[in-house]
Amino acid sequence: MPSEMSPDEFRAAAHQAVDWIADYLRDIRNLPVLPDVQPGALIDHLPKTGPEQGESMDAIFADFQNLIVPGITHWNHPRFFAYFSISASGPGILGEMLAAALNVNHMLWKTSPAATELEQVTLGWLRQWLGLPDHFFGIIHDTASTGSLHAILAARELAAPEVRRTGEFPPLVMYASEHAHSSIDRGALAAGIGLENIRHVPSDDEFRMRADALRAMIEADLAAGRKPFCVVATVGTTSTTSIDPVAEIGEIARRYNLWFHVDAAYAGSAALLDEHRHILNGAAQADSLVVNPHKWLFTPVDLSILYTRQKDVMRRMLSLEEAPPYLEAADQDRAVNLSEYSLALGRRFRSLKLWFVLRYFGREGITRVLRGHMKMAQDLAQQIAADSRFEIAAPVLFSLVCFRYRGSDQYNRDLLDRINSSGRAFLSGTTLHGKFVLRLTIGNVATTEDDVRQTWEWIRSLVLPGTGSPGGEPLHPL
Ligand SMILES: *Cc1c(COP(=O)(O)O)cnc(C)c1O
């Protein structure tokens, strides 16, 4: 019966794992982005019960390579263009490894002072780079969904402080664009707001929330005796990366005394670039804002940041009358107890990998990569626009290109299936103005112009010359 792995065994196995990772990152283009597997394939392959006796690392590792990897969708693949593409960069992976070894739980300052303080330092650096005000307090959550839930809970606390005691709700109403991410509605759902009290504000023809429509909805709710309490602006919507008029929405929030939350999960990173800093104009007035380094900042999943200027409300909304004795902690000015600001008590040492990433690339290196992604997206959009069989379906603001073949929805859905089942690239789809369109996002740190060019050439080869006619088999492989 094996006891804990010896240091020597660990060293040997770790070297093997690191070698595997280095080879994986080097050779990843040889792998299909999407696996060719049927549902249940892995379940059918693995034992029905766990092992009675311990097994060797060799056996475990062999099964990892032979059974697990073939069923993986390679999010770290440079031709993963679906949803929002992401990266586990080298420094990010190393930070994650070391955090696993330290196995810190920094729920309180004293349960790991350096982990607590590094979180504040890294989020402070990023806050400066994003042009956000110094008084914004930052905290790391697993995902933007969790961060936005906390924002909505804080908004509720401010608007209806009695709810925490009575559990009885006044008729609170929340507003977000019809293109807001589903996590906003789900956050409101979890906060007890009720689906009927979430307004989906219509957008203009470039998918931006219409401020006039927002104002009209708020007025109608007030006239009906309801209580508007929160509005969410999105910087970089999920379907098209459109940007709501943040400053204008902020004005309305101030006028009607609403909590103002900004969801910049994907596009917030672009504000690191001087020429894109303006996308967060007006965000300094926000009560809260989420941005995801695990999306477009080369940091392995998971790491999302919630900034807020309502630190005290965030704390109050989750505080009990009496803290349990095991959580007693000296309330010192500089010793922040981060678990007081989140539902989760335990906290992984997530800031370590972000610190590695920020230091390894530096602001200059990060902006160079992001600028490259946006340039590739612009170039691709030009090529698509130049091919009369295709059309661009939404403005290209960052690194997402929405486009469609000039044909039926069914044809475009089939085209997407043919692209993805090849394993050569992975795109996703969405519906805009009632039509099905293809989405190609560039966000992986290793993606090159060749990756994008080859993918586009190959997509073109999947459709026949002419317009609106179904295409045949690929003419040439990537
Ligand atoms: C990706 C995304 C989210 C969800 O992020 P998670 O971290 O996966 O919860 C929310 N909002 C926007 C605008 C996004 O792009």
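Which side chain has an N or O atom 2.9 Å from an oxygen atom of the ligand? Select N292 to see the answer, since the N or O atom at that distance from the ligand oxygen belongs to its side chain. What you have open is a predicted model, in which local features need pLDDT of at least 70 and side-chain atom pairs count only at pLDDT 80 or more, while totals for chains, interfaces and linings use all residues. Residues are numbered from 1 along each chain as its sequence is written, and side-chain values use heavy atoms, with hydrogens and water left out.

**Stop 1: the ligand**

Stay with the ligand and select D263, where a polar side-chain atom lies 2.6 Å from a ligand nitrogen atom, and then H294, where a polar side-chain atom lies 3.2 Å from a ligand oxygen atom. Each of these is a polar contact, the term for a pair of N or O atoms within 3.5 Å; within protein, one must be able to donate a hydrogen and the other to accept it, and residues adjacent in sequence count only if both atoms are side-chain atoms. Taken alone the ligand exposes 380 Å², of which the protein buries 87%; such areas come from the Shrake-Rupley method with a 1.4 Å probe, and for residues only the protein chains shown count as cover.

Now show the whole shell of 14 residues around the ligand, among which A144, S145, D263, N292 and K295 come nearest; a residue belongs here if one of its heavy atoms lies within 4 Å of the ligand. Two elements, α6 (144-159) and α11 (293-296), give two or more residues to this shell, where helices (H or I, at least four residues) and strands (E, at least two) are DSSP runs numbered from the N terminus.

**Stop 2: the loop after α11**

Next, select F298, which lies in the loop between α11 and β7 and has a phi near 60 degrees, a positive value in a residue other than glycine. F298 is buried, with a relative accessible area of 0%; buried means under 20%, exposed over 50% and partly exposed in between, with a 1.4 Å probe and protein chains only. D302 is also found in the loop between α11 and β7 (304-308), and the peptide bond that leads from V301 to D302 is cis, with omega near 5 degrees.

**Stop 3: aromatic rings**

Which kind of pair do the rings of Y83 and F426 make? Their centres are 5.7 Å apart and their planes stand at 85 degrees, so the pair is edge-to-face. Rings of Phe, Tyr and Trp (its six-membered ring) pair if their centres lie within 6.5 Å, and planes under 30 degrees apart count as stacked, over 60 as edge-to-face and the rest as tilted. This pair links distant parts of the chain, 343 residues apart. Colour the two by accessibility and you will find Y83 partly exposed at 45%, whereas F426, at 8%, counts as buried.

Move on to F137 and Y341, a tilted pair with 4.9 Å from centre to centre and 50 degrees between the planes. F137 sits in strand β1 (residues 137-141), and Y341 in the loop between α12 (311-316) and α13 (351-385); both residues are buried. Add K311 to the selection, because its charge sits over the face of F137 at 4.8 Å from the ring centre, a term that requires NZ of Lys or CZ of Arg to be within 6 Å of the ring centre and within 35 degrees of the ring normal.
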